[in-house]
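Here are my notes on the model you sent over. They go point by point, so skip around as you like.

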Amino acid sequence: MPGELDKPAPHTINSAMDLHARFPSLFDLKAKAKRRLPHFVWEYLDSGTGVEAARARNRAALDRIGFAPSILHGPQEPNLTCRLFGQEFALPFGIAPVGMSGLIWPDAEGHLARSAAREGLPFCLSTVASQNPEDLAPHLGSGAWFQLYPPKDPDIRHDMLHRIKAAGFTTLVLTVDVPVASRRERQVRSGLTQPPKMTPRILSHVALRPNWAMGQARKGMPRMRTLDKYIRGEHANLPPTAHVGYLLRTAPDWTYVEWLRDHWDGPLVIKGVMQPDHARRLESMGADGIWVSNHGGRQFDGAPATIDALPAVRAATTLPVIFDSGIEGGLDILRALASGADFVMLGRAFHYALAALGPKGIPHLVDILRQDMISNLGQMGVEDLRALPAPIRLD
Ligand SMILES: Cc1cc2nc3c(=O)[nH]c(=O)nc-3n(C[C@H](O)[C@H](O)[C@H](O)COP(=O)(O)O)c2cc1C
């Protein structure tokens, strides 16, 4: 019968409803993720830096943003689609780059890329991911972004850009908020070293999470596969993550941005911008997007809340503004959009979902965020994301 095919099969509805009953919000996924991951992996994923004040500020500042409730507007059908870099996305959010996602779930990047393609969301692969661009190529949708920690060696730079383009990544994201390594004391306390070593302490964490250990054993311990090709000579025997230090330049300068602009012909986004002057200068240099982020509070504990930095950056540039750091639900996404963002990304949230439920956690989280946006838009009487009202400060 026409129309019947559009309906999901009954067992799909039941299992999705069941997931919503058991894990109605990101907090339920996060609690389950914590129970399933070895302690050092949990600390890697969840931690900030310092006393985690920047992380707490991200949350508190988002909670201070409210909207006037609406009444008597009758039934509504919200439109959640969103345009960015000339492309239409099903929803106004996507998956931020996370290094070594394979530690959270085997082939995490493959699952994230496939889910993003199915759901019509952008997925951003990290330079220090545990999958390389070539292996992901068959799974990428039209919103494939690549995050660059730029290689020092010019030949490697050229080669990496070539590989990314050939694999089907359309948008290049340069991360600029890692001028030095951050201290991430929680990670250190957990026994995680750089590069990671299998100490008795780490082994004791692993022993308590046999399912995680079995999954990793089947796939092999994750490593930064994009860099494999460049490891030569005396460096060949170093541990898997030791290559970052001599191959990559996490603290690029303005000339590096110029170089990239000259050598990448697709959209170029600069991630980790918190100041209006910087946004203005980047726009004048030919960037295509500004990504406002404090790295989820993982880099600089003195940084302002990202949502507090957003309005001034928005006012300083005509470019699309992407936002991340601390997004935990659909209402947070609306808060960011109403404060000047054109698009929102989430890092930890997708990984809590993966750790909690495996691959089916990703569409479940997307659905939680979608439903939460629809519910809050209903309270606000708004049908179109482009018509969000100015937020109210709830001090
Ligand atoms: C475990 C972890 C690893 C990350 N690795 C990277 C990375 O390789 N490159 C990058 O630009 N950002 C990285 N980020 C930052 C995210 O892209 C994003 O800015 C941040 O997670 C947003 O905050 P949220 O986790 O509260 O959503 C990482 C974040 C986490 C939690």
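**Notes on the model**

1. Starting with one residue: I368 sits in helix α17. The model is a predicted one, and in it I368 counts as buried because 22 other C-beta atoms lie within 10 Å, where 20 or more is the cut-off. Leaving aside neighbours within four places in sequence, the contacts of I368 are with S25 and L26. A144 is 224 residues away from I368 along the chain, and the two C-alpha atoms are separated by 23 Å.

2. How far can you trust the coordinates? The mean pLDDT of the protein chain is 92, and 92% of the residues reach 70 or more. Among the elements, strand β10 (residues 321-323) has the highest mean pLDDT, 99, while helix α11 (residues 243-247) has the lowest, 68. Then there is the start of the chain: over residues 1-6 pLDDT stays under 50, and the model has zero contacts there beyond four places in sequence. Where pLDDT is low, the predicted coordinates should not be read in detail.

3. On overall shape, the radius of gyration of the protein chain is 21 Å, which agrees with a compact globule, because the value for one with 395 residues would be near 21 Å. Along the principal axes, the C-alpha atoms fill a box of roughly 70 × 50 × 50 Å. Buried residues make up 47% of the 395 in the protein chain. Take the contacts between residues at least 6 apart in sequence: 73% of them join residues at least 24 apart. The secondary structure comes to 17 helices and 12 strands.

4. Which residues are closest to the ligand? They are G99, S126, G296, G347 and R348, out of 23 residues that surround the ligand. By type, the shell divides into 10 polar, nine nonpolar and four charged residues. Helices α3 (39-46) and α16 (348-357) each supply at least two residues of that shell.

5. Helix α16 deserves a second look. It is mostly covered, with 10 of its 10 residues buried. R348, one of the residues closest to the ligand, is among the buried ones, as are F350, H351 and Y352. What does the covering of the buried residues of α16 include? Helices α2 (26-36), α3, α5 (108-119) and α17 (361-380) are part of it, as are strands β4 (93-95) and β11 (343-346). α3, then, takes part in covering α16 and also supplies residues to the ligand shell. Straight after α16 comes G358, with a positive phi near 70 degrees.

6. Two residues other than glycine are worth checking for their backbone angles. Most residues other than glycine have a negative phi, and most peptide bonds are trans. L72 has a positive phi, near 55 degrees, and lies in the loop between β1 (65-66) and β2 (82-84). H295 also has a positive phi, near 60 degrees, and its loop is the one between β9 (289-292) and α14 (306-316). Are these two buried or exposed? L72 counts as exposed because it has 5 C-beta neighbours inside 10 Å. H295 is buried, because 22 other C-beta atoms lie within 10 Å.

7. Strand β7 (residues 171-175) is largely enclosed by the rest of the structure, because five of its five residues are buried. T171, V173 and T175 point one way from β7, and L172 and L174 point the other way. Strand β6 (residues 144-148) runs parallel to β7, and four bridges join the two. In that pairing, F146 stands opposite L172 of β7. The A144 of point 1, 23 Å from I368 by C-alpha atoms, falls within the residue range of β6.

8. Strand β9 can be read in a similar way. G289 and W291 point one way from the strand, I290 and V292 point the other way, and all are buried. The partner is strand β8 (residues 268-273), which runs parallel to β9 and is joined to it by four bridges. Opposite W291 in β9 stands K271.

Definitions and conventions. Residues are numbered from 1 along each chain as its sequence is written. This is a predicted model: local features need pLDDT of at least 70, side-chain atom pairs count only at pLDDT 80 or more; totals for chains, interfaces and linings use all residues. A residue is near a molecule or strand if its C-beta atom, placed from the backbone, lies within 6 Å of it. Ala, Val, Leu, Ile, Met, Phe, Trp, Tyr, Cys and Pro count as nonpolar, Asp, Glu, Lys and Arg as charged, and the others, Gly among them, as polar. A residue is buried if 20 or more other C-beta atoms lie within 10 Å of its own, exposed if 12 or fewer, and partly exposed in between; C-beta atoms are placed from the backbone. Two residues are in contact if their C-beta atoms, placed from the backbone, lie within 7 Å. The radius of gyration is taken over C-alpha atoms; the globule rule is 2.2 Å times the number of residues to the power 0.38. pLDDT is the predictor's confidence in each residue, from 0 to 100. Two strands pair if DSSP finds at least two bridges between them.
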